[in-house]
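Reader: I would like a close look at one part of this structure. Please take a helix and the sheet beside it, and then work outwards.

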Amino acid sequence: MKKKVFFLALLASFTALCACNGGRTGEKGSEDSLSAVVGITQDLDSLDPHKAVSAGTDEVLFNVFEGLVKPSVDGTLVPAVAKDYTIAPDGMSYTFTLRENVKFHNGEVVTADDVVYSIKRCAGLLDNPDPEVVVESALSVISAVDKVGEDTVVLKLSEPNTELLGFLTCFIIPEDYTEQESKPVGTGPYRFVSYTPLTSFVVERFEDYYGEQPYLSKVTFKICASNDAAFMELLSGSIDVFPYLTDEQAAQLPEDYNLAVGSTNVVQAMFLNNAFGPFADNKVREALCYAVDKEELLNIVGGGRGHVIGSNMFPNFGVYYDETLENYYTYQPEKAKELLKAAGYDESNPLKFTVKVPSNYDIHVATAQVLTEQYKKVGVQAEIQLIEWSAWLTDVYRGREYEATIVALDSALAPSDVLKRYVSTAKNNFVNYNNPEFDEVFAKALASTVESEKVSLYKEIQQLLTKDAASVYLQDGAKLVAVNKKFTNFLFYPVYVLDVAALKPAE
Amino acid sequence: MSVACWLKKDGKYNINRIIGLLFVAIALLISLVGCFYTPYDPNAMNADIKNAAPSFSHLFGTDNFGRDVFSRVMKGAGTTFLVGISVVSIGAVCGCLLGAFTGYFGGLADLILMRVNDALAAIPSILLALVFVSVFGSGTVQLVAALGILFIPSFARVVRSGFVVQKELDYVKNARLMGAGHLRIMFVHILPNIKSSLLSALAIGFNNAVLSEAAMSYLSLGVQPPDASLGRMLSEAQPYLFRAPWNAVAPGLMILISVLGVGLLSLEGGEKHD
């Protein structure tokens with residue numbers, strides 16, 4: 001009895017100590033340089049690309065499916081299933097000419113009917129819509145999708161919009177193919193081979209692909225339980241490419257891996273519920289912006305990597321991005337204190353609020369801890385509450401029941417997509433931002449057909465958000481990717497995709 | 001009885017007691033001092049000394065925010081022990097009442113309550129605590145409530161089995177003949193006689209509570225950041241296990257000495273009456 005208890009106590013304490021010892025076993029990476037294993041940390045939520053909600057799924061399915069157009073590395077949209085397109089000068093219709101002899105993975109040729117069906121499905125325009133399909137709200141301006149001849153499709157809009165192209169990356173699938181969820185069929189450079197939930201998603205080169213043939217004949221997306229588990233596998237050599245390295249892991253990268261650094265293309269911010277009592281006051285929100293030392297934040301959570309942002313947009317938007325706003329709110333704790341005082345908060349009556357942070361994102365939890373410390377210095381008491389991702393989606397994002405929250409928002413390749421959530425009537429305006437001037441300028445920008453005018457209007461919109469301190473905009477984080485030295489040419493896109501077709505074997 | 005006497009058993013110094021007492025004393029001292037004084041502010045960050053190795057200025061080094069690990073262990077141990085003691089108190093008080101009544105009176109209520117007890121014990125405690133926390137939200141209070149409820153069955157069973165044996169003994173029958181009431185017999189006569197098994201249950205319960213707190217906070221369901229607790233510290237140290245092992249070693253060591261210390265002490269308490 002005596003020995004047993006002693007042993008149990010010892011064992012228990014050791015388990016607590018070593019609870020994090022992941023398995024180092026796992027099969028070695030294949031010697032065949034024509035196949036690669038890519039580590040991902042999220043299981044796919046659906047193989048039907050129109051039903052997938054999470055960005056992590058789209059990121060992988062990007063290799064299997066294509067839209068009429070697809071994003072390219074420099075942020076422009078290049079023709080894919082469509083050969084060519086024209087946008088009517090008034091912004092009321094789009095005409096697409098299909099590429100000849102584009103084949104689906106099941107061998108059938110893509111027809112105009114398939115394209116009409118796919119776009120209608122994404123826009124929710126089918127007669128019997130499948131309730132599970134995630135309808136892209138930006139496509140709701142489409143009033144009709146018409147087949148004109150065998151290789152031409154015309155989209156008619158109910159209001160002028162010259163930015164719809166960024167959403168027409170929605171994947172083209174065969175009409176009335178019912179097995180999309182178990183055997184997905186698309187037109188991409190890779191075709192589906194197998195999917196084992198929580199284990200792997202395997203694709204192989206599609207020999208009939210119309211474009212350039214990918215270098216790797218087979219790619220396995222290995223689904224790892226967590227970031228740490230994936231890194232363990234990487235250390236043991238069973239993963240060739242891992243795109244979600246943390247700063248700490250990057251520093252420990254084994255010798256046979258290269259580190260590729262890009263940007264995550266997200267807006268990380270502490271979003272403030274503008275409808276919550278104290279935050280309805282502009283002065284309070286401005287004070288919260290002035291009280292943040294973003295340089296220190298980047299040093300602590302990102303090892304100095306990452307890009308400070310000043311509004312709800314990230315640098316990869318190029319001409320639309322207003323970089324002058326990065327220095328609009330510099331770190332000025334004294335000014336923050338003054339503003340707080342003017343708003344009626346001081347030491348005897350400190351500003352208090354709760355930050356809801358999704359617990360699965362280490363970066364946001366770390367950011368929250370740094371911010372609460374910085375706020376403490378100006379006498380603001382911010383309390384962290386960790387919540388699950390699903391609870392975040394229902395309570396914070398849809399229910400808007402929160403005071404402040406820290407997350408990162410991604411976006412499609414259209415400046416309207418990243419900014420439309422601030423329109424006062426937008427369904428996803430979870431910050432409850434309400435500024436009639438913003439709504440007006442946004443509508444103008446969306447309808448504008450002159451590029452230079454569009455650029456200046458979108459800059460004006462960003463300035464409005466910054467001046468109003470709609471939220472505390474923090475950074476566009478650095479994306480750190482481990483790539484086995486066997487491979488080169490890992491490409492970074494300004495959207496959230498993981499392009500394995502570009503990977504080349506290193507000579 | 002002096003401490004020196006208590007440390008002896010059969011005239012010889014008892015090594016288990018000495019080590020146990022030493023460990024518990026160290027753990028208590030560190031956590032008590034931590035309530036009033038820490039070398040640094042446990043939450044103060046410093047980007048310049050992220051993950052610094054142990055040195056004279058930072059005894060256990062610093063963590064990934066540049067916070068002093070020793071200060072955080074002092075503060076975190078206090079939190080963890082407080083959770084442990086609260087959990088055991090809830091479990092022990094409710095468990096004693098439940099076990100005493102069912103054990104003493106028996107009958108249908110005993111049968112039903114003990115089957116409920118069995119059912120509760122059959123569910124993995126972490127899983128049940130997870131359900132509790134996801135329904136009522138995460139936080140220290142919810143954690144204490146969840147773990148407290150989970151700890152009731154083990155105490156109830158220990159106390160009940162004691163009562164079942166004791167109530168048949170002559171002294172209880174005598175007391176009844178003398179006209180003592182049921183409550184008096186239960187809590188004045190029987191309870192002191194099962195003291196020893198209850199004490200070891202308390203010690204083991206405390207250890208389990210500390211480990212459960214660590215596990216729950218490790219799953220980021222207990223104590224909320226930036227507050228320190230030993231489990232949270234372990235959880236936060238995980239990514240830095242190779243580069244900055246002191247982040248995990250310091251709180252792990254603290255859990256080890258406290259759990260081991262209490263375990264060694266309780267070992268003796270139980271054995272004497274076996």
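Author: Helix α9 of chain A, residues 362-377, lies across five strands. They are β13 (267-272), β15, β16, β17 and β18 (471-476) of chain A. The helix runs at about 165° to β16(A). Here axes are lines fitted to C-alpha atoms, for helices over the stretch in contact, and angles run from 0 to 180 degrees between N-to-C directions. Two residues are in contact if their C-beta atoms, placed from the backbone, lie within 7 Å. Helices (H or I, at least four residues) and strands (E, at least two) are DSSP runs, numbered from the N terminus.

This is a predicted model: local features need pLDDT of at least 70, side-chain atom pairs count only at pLDDT 80 or more, and totals for chains, interfaces and linings use all residues. Residues are numbered from 1 along each chain as its sequence is written, while chains are lettered from A and ligands numbered from 1 in the order in which they are written.

Now the sheet itself. It is open, with six strands in the order β14-β18-β13-β17-β15-β16 of chain A. The pairing is mixed. Two strands pair if DSSP finds at least two bridges between them. At the edges stand β14 (307-308) and β16 (381-387) of chain A. Each has a single partner strand, so one side of each is left without a neighbour in the sheet.

Look at one pair inside the sheet. Strand β15 of chain A covers residues 352-358, and β17 of chain A covers residues 404-409. The two run parallel and are joined by two bridges. Opposite A:Val355 stands A:Ala404 in β17(A). Strands of a sheet pair through backbone hydrogen bonds, either parallel or antiparallel.

Next, the loops that lead into this sheet. A:Asn265 sits in the loop between β12 (257-263) and β13 of chain A. Its phi is near 55°, a positive value in a residue other than glycine. A:Asn265 counts as buried because it has 24 C-beta neighbours inside 10 Å. The cut-offs: buried means 20 or more other C-beta atoms within 10 Å of a residue's own, exposed means 12 or fewer, and partly exposed is in between, with C-beta atoms placed from the backbone. A:Ala469 lies in the loop between α13 (451-467) and β18 of chain A. A:Ala469 is not a glycine, yet it has a positive phi of about 50°. With 23 C-beta neighbours inside 10 Å, A:Ala469 is also counted as buried.

For an antiparallel pair, go to β8 (residues 190-196) and β9 (residues 200-205) of chain A. Six bridges link them. A:Tyr195 has A:Phe201 in β9(A) as its bridge partner. Three residues lie between the strands of this hairpin, where A:Leu198 takes a positive phi near 65°.

Step back to the domains. Domain 3 of chain A spans 267-476. Domain 2 is 65-187, and domain 1 is made of 1-26, 35-64, 188-258 and 479-507. These bounds come from an automatic or database domain assignment. The centres of domain 1 and domain 2 of chain A, taken over C-alpha atoms, are 30 Å apart. Their contact takes 20 residues from domain 1 and 24 residues from domain 2.

Last, the whole chain. Chain A has 13 helices and 21 strands. Buried residues make up 45% of its 507 residues.
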